[in-house]
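Please open the structure in your viewer and keep the selection tool at hand, since this tour moves from one selection to the next and says what can be found at each stop.

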Amino acid sequence: MRRPAAASLFSLSCAGEAAGLLRSLEVLTPQVETKMLIFRDIISEDELFSDNFKMKVSEDGMFYEVEGTRVTRKNDGIDGALIGANASAEDAEEGTEEGTVTDVDIILNHNLQPSAFSKKSYMVYVKDYMKAIKSHLEEHNPERVADFMKAAPAAIKRITSDFDNFQFYSGSTMNPAGIVGALNYREDGITPYMLFFKDGLLSEKLTSQMAPTTRRSS
């Protein structure tokens, strides 16, 4: 039997050492903890939005103002932007291509449901809703009641004075007593935002961890 040449033995030895070195450089990345706030309706407990969106409290302290984006997605939930789709404010709600849907991501992500109101019926709803929130505050945050009731008329007027430009959405269970988010667009006509009465919401912190993955150290 022929013995391997010395050069071949040296090559095999180097290859083995290199493989061992690479294995020694493989490390586990630590688990990454991610935190997110989910905002729910205090009446229906429906999930409405999360702090993944750009959001702020209105100057009067009455609303969370949540800014979204119009997106086109496949009906399986894949964002159409990943496959080259381009959504605009004029796109139809059901999407421009078969098997797609175009809407505001806040609505799609949290399964919000459209609610039809005339100005008159909205006023009936919002008066009852204000009473419900006042009762909730009297029980859970009584020091807030006076400021809430003082600011409520102007907050309602912010919506009713521009009523024709708002669209309305309730939570996934469509509880008629629950909160209704009001959707409008910025002055550019393409950036959607939603108003939610701040005192009608509760926040829930969600924590998740990404599983460790194997990588090679540099």
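## First stop: I107

Select I107 and display what surrounds it: apart from its neighbours within four places in sequence, I107 is in contact with L112, Y169, L183 and M194. Before going further, keep in mind that this is a predicted model. I107 belongs to helix α2, which covers residues 105-109. Is I107 buried or exposed? I107 counts as buried because its relative accessibility is 4%, and buried here means under 20%. If you now add G68 to the selection, you will have two residues that are 39 apart in sequence, with 8.9 Å between their C-alpha atoms.

## Stepping back to the whole protein

Release the selection and look at the whole chain, in which there are four helices and 13 strands. Of the 218 residues in the protein, 35% are buried, while the accessible surface comes to about 13,500 Å², with 52% of that surface belonging to carbon and sulfur atoms. Among contacts between residues at least 6 apart in sequence, 65% join residues that are at least 24 apart.

## The largest nonpolar core

Next, select F49, F196 and F197, which touch the most other members of the largest nonpolar core, a set of 42 residues. The elements that give two or more residues to this core are β3 (47-50), β5, α2, α3, α4, β9, β10 and β11. In soluble globular proteins, nonpolar side chains tend to be buried together. Keep F196 selected and show its surroundings: leaving out residues up to four places away in sequence, F196 touches ten residues you can pick out by name, L48, F49, M62, F63, Y64, V66, L112, I179, G181 and L201.

## Strand β5 and its partners

Now colour β5, residues 63-67, a mostly covered strand in which four of the five residues are buried. Which strands pair with β5? One of them is β4 (residues 54-57), which pairs with β5 in the antiparallel sense over four bridges, and in this pairing V57 has Y64 as its bridge partner. β4 and β5 form a hairpin with five residues between them, and in the turn you can select G61, whose phi is positive at about 75 degrees. The other is β11, which runs antiparallel to β5 and is joined to it by five bridges; here F63 has F197 as its bridge partner.

## Along helix α4

Move on to helix α4, residues 145-160, whose 16 residues reach 22 Å from the first C-alpha to the last, close to the 22 Å expected at 1.5 Å a residue. Where in α4 does a kink lie? Look at A152, shortly before the proline P153, where the kink is about 40 degrees. Then select V145, F148, A151, A152, A155, I156, I159 and T160, the buried residues of this helix, and note that they pack against β5, α3 (119-140), β9 (167-170), β10 (180-185) and β11 (192-197).

## Last stop: S172

Finish in the loop between β9 and β10, where S172 lies. S172 counts as partly exposed because its relative accessibility is 34%, which falls between the limits of 20% and 50%. Not counting residues up to four places away in sequence, S172 touches D46, N111 and Q113. Adding E45 shows a pair that is 127 residues apart in sequence but 9.7 Å apart in space, C-alpha to C-alpha.

How values were computed. Residues numbered from 1 in each chain as written. Predicted model: local features only at pLDDT ≥ 70, side-chain atom pairs only at ≥ 80, totals over all residues. Heavy atoms only, no water. Buried < 20%, exposed > 50% of the residue type's maximum accessible area, 1.4 Å probe, protein only. Contact = heavy atoms within 4.5 Å. Areas by Shrake-Rupley, 256 points an atom, 1.4 Å probe, with all protein chains shown as cover. Expected span 1.5 Å × (residues − 1). Bend = angle between axes of the 7 residues up to and from the residue. Pairing = 2+ DSSP bridges. Core = buried A, V, L, I, M, F, W, Y, C linked by side-chain atoms within 4.5 Å.
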